[in-house]
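Please look over the structure below with its bound ligand in mind. A short exchange between a student and a tutor goes with it.

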Amino acid sequence: VTATPAAATAGPNGTVQQLPQTIIIGVRKGGTRALIEMLSLHGEVAAAENEVHFFDWESHFERGLAWYLSQMPFSQPEQLTVEKTPAYFTSSKVPERIYRMNPDIKLLLILRDPTERVLSDYTQVFYNRLQKHKNYQPIEAVLVKDGEVNLEYKALGRSLYYLHMQNWLRFFPLENIHLVDGDQLIRDPLPEMKMVERFLNLTPQINASNFYFNKTKGFYCLRDHGRERCLHDSKGRAHPRVEPAILQKLYRFFHEPNRKFFELVGRTFDWN
Ligand code: A3P
């Protein structure tokens with residue numbers, strides 16, 4: 001990136017576009033959409049609608065920060081701007097690029113049980129392929145090779161959180177990376193969102209009336225100024241049934257990487 005633009009440009013009616021003061025960096029299938037939508041319930045937050053893929057896609061990154069800024073929502077000057085691109089977390093060149101934009105930026109990382117995340121990742125790709133009228137391999141065929149966990153399966157690597165986290169900790173102190181427990185966010189979103197508010201120094205605003213459990217969807221949905229909505233149908237899909245013996249293999253496979261991750265971040269998660 002050559003030219004450094006101002007951190008904000010003026011828009012209509014006193015609004016501005018601002019470089020994000022916080023970014024949801026991942027993890028893919030961790031609950032990143034739920035997190036950004038729930039954060040948007042807060043009046044002091046303006047969220048980019050789409051995944052920007054600025055720091056991970058060369059064709060975008062080459063356009064420079066002025067282009068990145070142009071992708072941000074119009075906000076009130078006092079609002080915080082946030083974008084989410086789940087692929088950032090697992091892309092090794094991204095931490096340094098974000099650091100160069102703003103070394104003090106606050107990062108949000110939402111994580112989920114690594115095995116559950118793999119199944120969710122598989123399910124997403126499965127649906128994408130189905131839509132393109134291609135068939136796709138059954139889950140066992142991608143997870144297992146010669147009776148062992150298939151290390152070539154990319155989704156497994158994305159769940160090796162400690163590997164990716166190490167890259168981030170080279171540039172950012174742990175205090176600037178807030179970990180959101182994605183499994184907890186599914187079960188009970190409010191406490192997680194209160195912690196996010198605190199991390200971002202937002203006035204406490206998100207409250208119990210912002211959430212209601214929708215039995216049909218099987219997930220919490222959002223209530224925003226009386227308007228109720230659930231996330232898109234692609235969020236909260238049923239996962240394929242995996243043979244218990246294979247599931248056990250996966251749990252075992254992630255045991256040591258998880259331990260390393262807990263050590264790295266100084267906290268544990270309730271993962272299998
Ligand atoms: P599944 O569809 O596999 O259940 P992302 O937005 O990062 O792609 O993450 C998608 C995941 O968000 C979903 O994965 C789902 O489990 C989770 N999620 C968390 N809170 C949710 C909510 N309130 N509604 C729907 N999905 C939610």
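The questions that follow concern the ligand site and then the chain as a whole.

This is a predicted model, in which local features need pLDDT of at least 70, side-chain atom pairs count only at pLDDT 80 or more, and totals for chains, interfaces and linings use all residues. Residues are numbered from 1 along each chain as its sequence is written, and side-chain values use heavy atoms, with hydrogens and water left out.

Student: How many residues surround the ligand?
Tutor: A residue is counted if one of its heavy atoms lies within 4 Å of the ligand. T32, S120, Y220, G236 and H239 are the closest. By charge and polarity the shell divides into six nonpolar, seven polar and six charged residues, and the number surrounding the ligand is 19.

Student: Which element supplies the largest share of the shell around the ligand?
Tutor: Helices (DSSP H or I, at least four residues) and strands (E, at least two) are numbered from the N terminus. Both β12 (219-224) and α1 (32-39) supply at least two shell residues, but the largest share, four residues, comes from α1.

Student: How far is an oxygen atom of the ligand from a polar backbone atom of R237?
Tutor: A polar contact here is a pair of N or O atoms within 3.5 Å. A backbone N or O atom of R33 lies 3.0 Å from a ligand oxygen, and for a side-chain N or O atom of R112 the distance is 3.1 Å. For the backbone of R237 it is 2.9 Å.

Student: What radius of gyration does the protein chain have?
Tutor: The radius is taken over C-alpha atoms, and the globule rule is 2.2 Å times the number of residues to the power 0.38. With 272 residues, a compact globule would come near 19 Å, and the chain agrees, having 19 Å.

Key. A polar contact is a pair of N or O atoms within 3.5 Å; within protein, one must be able to donate a hydrogen and the other to accept it, and residues adjacent in sequence count only if both atoms are side-chain atoms. Ala, Val, Leu, Ile, Met, Phe, Trp, Tyr, Cys and Pro count as nonpolar, Asp, Glu, Lys and Arg as charged, and the others, Gly among them, as polar.
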